[in-house]
Structure formats: C-alpha cells, structure tokens
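Good morning, everyone, and thank you for making time for this. Please have the sequence and the model open while I talk, so that you can find each residue as I name it.

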Amino acid sequence: MLAIIGIVVVIVGVVGGFSIAGGELLVLVQPAEFITIGFAAIGSMLISVPIKTLKTIMGDIAGVIKGGGPDRSLYIEVLQLLNDLFQIARKDGIIALEPHVNEPKESAVFQKYPRILQNHSALPFICDTIKLFLAGSVPAHEIESLMDAEIDTHHEEAQVRPATLARVGDSLPGLGIVAAVLGIIVTMGKMDAGAAVVGHHVAAALVGTFLGVLLAYGFVNPLAANIETKLRSDSRLLYVIKAGITAFAKGMAPSVSVEFARRAIFHSERPSFEEVEEMMRQARSTGKS
C-alpha cells in the first residue's frame, strides 16, 4: 500500500511541477515513446534471465504492492512456536517432535501459527533442521553450519531478482535516449513541414528521454530497492530461527534458546524481554506448552 502511495506522489510531483511551469500535459502523452521504451525494457529482461526468475520477480512486485513481509507479529509467532517445540522436546523427548515436523500442516502446534505455515522459507527451514535432530547423529556445530549454508543459499538466490530489476532500471535512461534519437530521425523527415510541426516532433522525441529517466529513478530502481529490503528481512527471519534452534541444540533451556532468537531480531521489530517472558508465562498457564 505504501508503494502505491509513493507511485502516486511521484506522478503528482512530476506532473504537477510540469503543469505549474506552464507545460501542456498532452505533450507528455506519446504512445510511440511508451511502446519503444516499454517493449525494449521487457525484451532486455527476457534476454537476461530465465522465465522462472521473471515469474518470481512478478511475484516480488506483487508482494511490494500488497505490502507484508516479516514484522513484529510474525516474529512473536516464531518465538512462540520455537518455545512450544522446545518445551515438547524437553518434556517428552526430541522424538515427540517427529509427527509435528513431518506433517506440519496437520500439527496442532503449527496450526496455531498460520503465518509460519504459509511461509515457504521459514516452515521447511524449521522442520528440516529439527529432522536432523531426530536423526541424532549430527553435532550442534554441524547443524549451525548447515543452517548458515542454507541461509547463504537463500540470500544468494534471492538477490538475483532485485539485481535484475535494478539493471533494467539502469538501462531505462539509455532506452529513453534511443527513443529520443528515433524521434529526431522522424523529425528530420519533417523539416519542410514548418516550425510548429518540427517543434512538436522535437518535443515528442524529448519525451522519450524524460520517460526513460523518470521510469528508472522514479519507479523501477526504487522498486528494486524495496524488493531487496524485503528479501533481507526474509533472511533475517531465518537467522532468528537459526539462533533459537542452535542454542537449543547446544543444550540451552527453552526460555534461554528463545531469548537467543529474540536477540537476533532487528530492534525495530523486536519484542521486549518482558513481553516474551509474559508470552511464555501465559503459554504455561494455559497449558499450551
């Protein structure tokens, strides 16, 4: 939602400033320039990345428009889930987690946290790591290394998407110049049509440069930056999970392990120590863990 507001503000600012300066808005409506720049940009994306990456980029753009991503409430869900799982393991043994991690969508524990169930990165990260516990032959430091490797893979794979979009954004001013040059070529064929006609075609050609720069720095590059920030937040969620599970694997008590996870949350989203303590007290009093 904030991204939509930003797009509107950019348009209002540019168009409003142009109108105040005495510009005619209809001059900016140049379908030929839009087609040249738009299709050239789309074509360059098709050349540069495979179709599966394009699909994920479309999904990322939709995600930016809808908003969302890891926030304070999701982090609280993660802490509560880790606490529940650790308490079960402490009371009934690690083997008691097997049905929960093998079928998380059928698990009464996981069903209490629907946002984690819908998170395609966090859910397998938790379940697959706990399955290693169940195997019983992997030491804690090796589990930590394995989780680090998975986070690095997730981060490297994800960074391709905003980087691709940023490259397209960087190319837009150049494509705008291409559109402008084509417009000038058309204008050269109209030199004997009078000053008014020539002036109109020169203005139309300059709109191509204007559009290329505006699309790059007003929309596409900010969109790529937004996606990069969101993906970084997704990686942070995995680091939080890793901190909690690693601490538990090293023999820490459930409450201490949850505190390790809490400390890995960015300050802007982190619940206080007292909030988490109260959360775990309520869970114990209601028999949830």
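Which residues lie nearest the centre of the second largest pocket, and how many residues line that pocket? Before I answer, please keep in mind that this is a predicted model. The lining of the second largest pocket is made of 19 residues, and those nearest its centre are Gly68, Asn226, Thr229, Lys230 and Ser233. Three helices, α1 (2-20), α3 and α10, each give two or more residues to that lining, and the largest share, six residues, comes from α10. The volume of this second pocket is about 380 Å³, and its lining divides by class into seven nonpolar, eight polar and four charged residues.

Let me turn now to the largest pocket, which holds about 810 Å³ of space. Its lining has 25 residues, and if you look for the ones nearest its centre you will find Asn119, His120, Ser121, Lys230 and Asp234. Lys230, then, is listed nearest the centre here and is also named among those nearest the centre of the second largest pocket. At least two lining residues of the largest pocket come from each of α3 (51-66), α9 and α10, while α9 gives the most, with six residues. Sorted by class, this lining has seven nonpolar, 10 polar and eight charged residues.

The next topic is the enclosed space. The count comes to one cavity of 30 Å³ or more, and about 30 Å³ of space lies in it. Around that cavity you can pick out Phe86, Ile94, Leu97, Ile130, Phe133, Ile245 and Phe248, with α8 and α10 each supplying at least two of the lining residues. By class, the cavity lining has seven nonpolar residues, no polar ones and no charged ones.

From there we can move to the nonpolar cores. The largest core has 41 residues, and the members that touch the most others are Leu81, Leu85, Phe110, Ile126 and Ile241. Several helices give two or more residues to this core, among them α4 (72-92), α8 (122-135), α9 (140-188) and α10 (195-249), and the helix that gives the most is α4, with 10 residues. If we follow Leu85 and leave aside its neighbours within four places in sequence, we find it in contact with Leu97, Val109, Phe110, Ile126 and Ile130. Of these contacts of Leu85, both Leu97 and Ile130 also appear in the lining of the cavity. There is a second, separate core as well, which has 23 residues and includes Ile37, Ala41, Val64 and Ala158.

I would like to look at one single residue with some care, namely Thr187, whose place is in helix α9. Is Thr187 buried or exposed? Thr187 counts as buried because its relative accessibility is 3%, and the cut-off for buried is under 20%. Not counting residues up to four places away in sequence, Thr187 touches Val198, His201 and Val202. As for Phe34, which is 153 residues away from Thr187 along the chain, the C-alpha atoms of the two are separated by 18 Å.

Finally, let us go to the helix α1, which has 19 residues and reaches 26 Å from its first C-alpha to its last, close to the 27 Å expected at 1.5 Å a residue. Just after α1 you will come to Gly22, which takes a positive phi of about 95 degrees.

Terms used:
Residues are numbered from 1 along each chain as its sequence is written. This is a predicted model: local features need pLDDT of at least 70, side-chain atom pairs count only at pLDDT 80 or more; totals for chains, interfaces and linings use all residues. Side-chain values use heavy atoms; hydrogens and water are left out. A nonpolar core is a set of buried Ala, Val, Leu, Ile, Met, Phe, Trp, Tyr and Cys residues joined through side-chain atoms within 4.5 Å. Buried means under 20% relative accessible area, exposed over 50%, partly exposed in between (1.4 Å probe, protein chains only). Helices (H or I, at least four residues) and strands (E, at least two) are DSSP runs, numbered from the N terminus. Contact means heavy atoms within 4.5 Å. On a 1 Å grid over the protein atoms alone, a cavity is a set of points where a 1.4 Å probe fits but cannot get out, and a pocket is an open set with protein on both sides within 12 Å along at least five of seven lines; lining residues have an atom within 4 Å of a point. Grid points are joined across faces, edges and corners, and a volume is the space filled by probe spheres set on the points. Ala, Val, Leu, Ile, Met, Phe, Trp, Tyr, Cys and Pro count as nonpolar, Asp, Glu, Lys and Arg as charged, and the others, Gly among them, as polar. The expected span of a helix is 1.5 Å times one less than its number of residues.
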